Amino acid sequence: MAEFRLFGRSAAPGVAKGVLAVLDVARRPQLRLAGAPADEAAALHGALARALAEVEALAESASGEAAEMLGFQVAMLSDEELVRPALEGIEAGQSAPAAWEAAMDVEIAGYRDADDDHFSARTADLEDIRDRVLGHLEPLAAGLDVPDGAVVVAADLPISRFLAIDWARGGAILLARGSPTSHVAMLARARGVPMIVGLDGAAELVAGREALVDAATGEVVLDPTDATRAAFAARADTEMRASREQAAFRMGPAVTRDGTRIALYLNASSVDELEGLDPAICDGVGLVRTEILFDGPGGLPNEEDQYQAYRRIVAWADGRPVTIRTLDAGGDKPIAGVTEDGESNPFLGLRGVRLSLRRPDLFLTQLRALARAAAHGDVRIMLPMVTVPAELEAGRKLMETALANLAKDGLAARRPRLGIMIEVPAAAIAIDQFDADFFSIGSNDLTQYVTAAGRDIGSVADLADPLNPAVLRLIASVARHGWETGREVCLCGDAGGDPRAIGPLLRAGLRSLSVAPASVGPAKQAIAAIDLRDPAP
Ligand code: PEP
Ligand code: MG
């Protein structure tokens, strides 16, 4: 067979070589004839009960986000409303599998077509539920054993199938649909499984073909020639050597060639992303994005849930500072029941602290949970999307209310230091107006607002460059203000973990960066290569 190349979008980096295993969650060819409606309904209830027991068992052994996602499946499987249309189909003369499949396909289409990432990301979960129940009604339709190290191909990959595969032996994921922001993509990144989504020419992905996968570039080569195989092996070898070298930097402090110590913090959305990591690789946690807590299947978290979640991160940090950002819903992070629907431009709308201040009920609950977590360690709080000083002052006032209420309730709490994200140009330009305890530059948003190039719009990605001189000048002036007033200025956007950007950021005056856990080695290696005594290149 001739060599064939396909391209998609990177969802989790890495290279892999393996044989394609096609996980066909699509159609069963023949569904049997219907029996009596009462028997069909009993068969459906039996299959639902078995599916529910399986998912509950999976949820029990999972933790954190995976458990939350499986919790969504448990909730759906327990929801009578989900089953009702299938029972109506049975009453109308359909067999249990035919009625269940048809009813679920309608439900799934509704989710898939939703103009909302939150709902469309649930599509894979619903497909998983459909197929699991069908598997109990039609045993032949049940899953597939993925051979060790296989390159798994699917239209989309349900979380439970991802968790059922042993990734310790290598492998990769190729999806015709999917998105880099999906739950399964998050898990793939956390587990180091290379993953590509939105592959074109997916019809070529037939089981048994040999595939070379470069998930960083989004390229797949099928039936490679010997020359391609050799070139790929060399690339994999270089990557492995580079990642071994970077790993050697992981444990040491971040220090430039001229001996300047750089504070390197971690970004995380939950303690799951930190568990298994040695806290000694970092100087603390520089950004906890709390949105994921509010976006779970169980709805908005109460004070106790939040307190426990923050406390676990503080415990992981083992005495190091932990900077937790208050809810930054809106823009690229819509949250059902919190963000406004139908804004003409959500990035310029009610997001971040603007939204929190409109929902003092939510905001106060989060501030109470944060103040309680602060009793257990060095917790710092920062407000996202601050534009004017009044927002900082309103946040501070609400924190005082939270502390007073906690004292009245007899709950242990401590006043955390209060900082702000610098990601709106107005705040960066008028930085001297903000009496915050510290500043943290959100280069993702700052860059999009300064360059007027959306962070989620691929066609203008080259304009959304954090190294644009206008962005760098703003960063330099915020860093200078920090030096002059003795307040720490960190940068927690993606640029902080980008080896290409680190030199210019340090030369702009920054001495604190906060990066994704996977970027610690590459960032420390890049820092070690910089000599701040040299003139800028
Ligand atoms: C940023 O904008 O750079 C940032 C760190 O926040 P987020 O990416 O969550 O908007
Ligand atoms: Mg931001």
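## Domain contact, ligand site and long-range pairs

The centres of domain 2 and domain 3, taken over C-alpha atoms, are 37 Å apart. Their contact draws 8 residues from domain 2 and 8 residues from domain 3. The model is predicted.

**Domain layout.** The chain splits into three domains. Domain 1 is made of two stretches, 4-25 and 143-244. Domain 2 spans 37-137, and domain 3 covers 250-528.

**The domain 2 and domain 3 contact.** About 780 Å² is buried between domain 2 and domain 3. Carbon and sulfur atoms account for 49% of that area. How many salt bridges join the two domains? The count is 0 between domain 2 and domain 3. Residue pairs in polar contact, with both residues at pLDDT 80 or more, also number 0 between these domains. On the domain 2 side, helix α2 (residues 64-77) gives the most, with 5 residues. The residues on that side of domain 2 divide into 1 nonpolar, 4 polar and 3 charged.

**The ligand site.** Ligand 1 has 15 residues around it. Which come nearest? They are Arg 289, Lys 333, Gly 442, Asn 444 and Arg 455. Three distances to oxygen atoms of ligand 1 are set out below.

| Residue | Atom on the protein side | Distance to an oxygen atom of ligand 1 |
|---|---|---|
| Glu 423 | side-chain N or O atom | 3.0 Å |
| Ser 443 | polar backbone atom | 3.1 Å |
| Asn 444 | backbone N or O atom | 2.7 Å |

Glu 423 thus approaches the ligand through its side chain. Ser 443 does so through its backbone. Asn 444 also uses a backbone atom, and it is one of the residues that come nearest to ligand 1.

**Salt bridges.** The model has 35 salt bridges. One of them pairs the side chains of Arg 5 and Glu 219, at 2.4 Å from N to O. This pair links distant parts of the chain, with the two positions 214 residues apart. Arg 5 sits in strand β1 (residues 4-7), and Glu 219 in strand β8 (residues 219-222). Why can such a pair form? Side chains of opposite charge can pair when their charged atoms come close.

**The segment after α19.** Where does Leu 532 lie? Its place is in the segment after α19 (520-528). The C-alpha atoms of Leu 532 and Thr 260 are 8.1 Å apart, although 272 residues separate the two along the chain. Leaving aside neighbours within four places in sequence, Leu 532 is in contact with Thr 256, Asp 258 and Thr 260, and also with Leu 506, Arg 507 and Arg 511.

Terms used:
Residues are numbered from 1 along each chain as its sequence is written. Chains are lettered from A and ligands numbered from 1 in the order in which they are written. This is a predicted model: local features need pLDDT of at least 70, side-chain atom pairs count only at pLDDT 80 or more; totals for chains, interfaces and linings use all residues. Side-chain values use heavy atoms; hydrogens and water are left out. Domain bounds come from an automatic or database domain assignment. Contact means heavy atoms within 4.5 Å. Buried area is the accessible area (1.4 Å probe) that two parts lose on being put together, summed over both. A salt bridge is a side-chain nitrogen of Lys or Arg within 4 Å of a carboxyl oxygen of Asp or Glu. A polar contact is a pair of N or O atoms within 3.5 Å; within protein, one must be able to donate a hydrogen and the other to accept it, and residues adjacent in sequence count only if both atoms are side-chain atoms. Helices (H or I, at least four residues) and strands (E, at least two) are DSSP runs, numbered from the N terminus. Ala, Val, Leu, Ile, Met, Phe, Trp, Tyr, Cys and Pro count as nonpolar, Asp, Glu, Lys and Arg as charged, and the others, Gly among them, as polar. A residue is near a molecule or strand if one of its heavy atoms lies within 4 Å of it.
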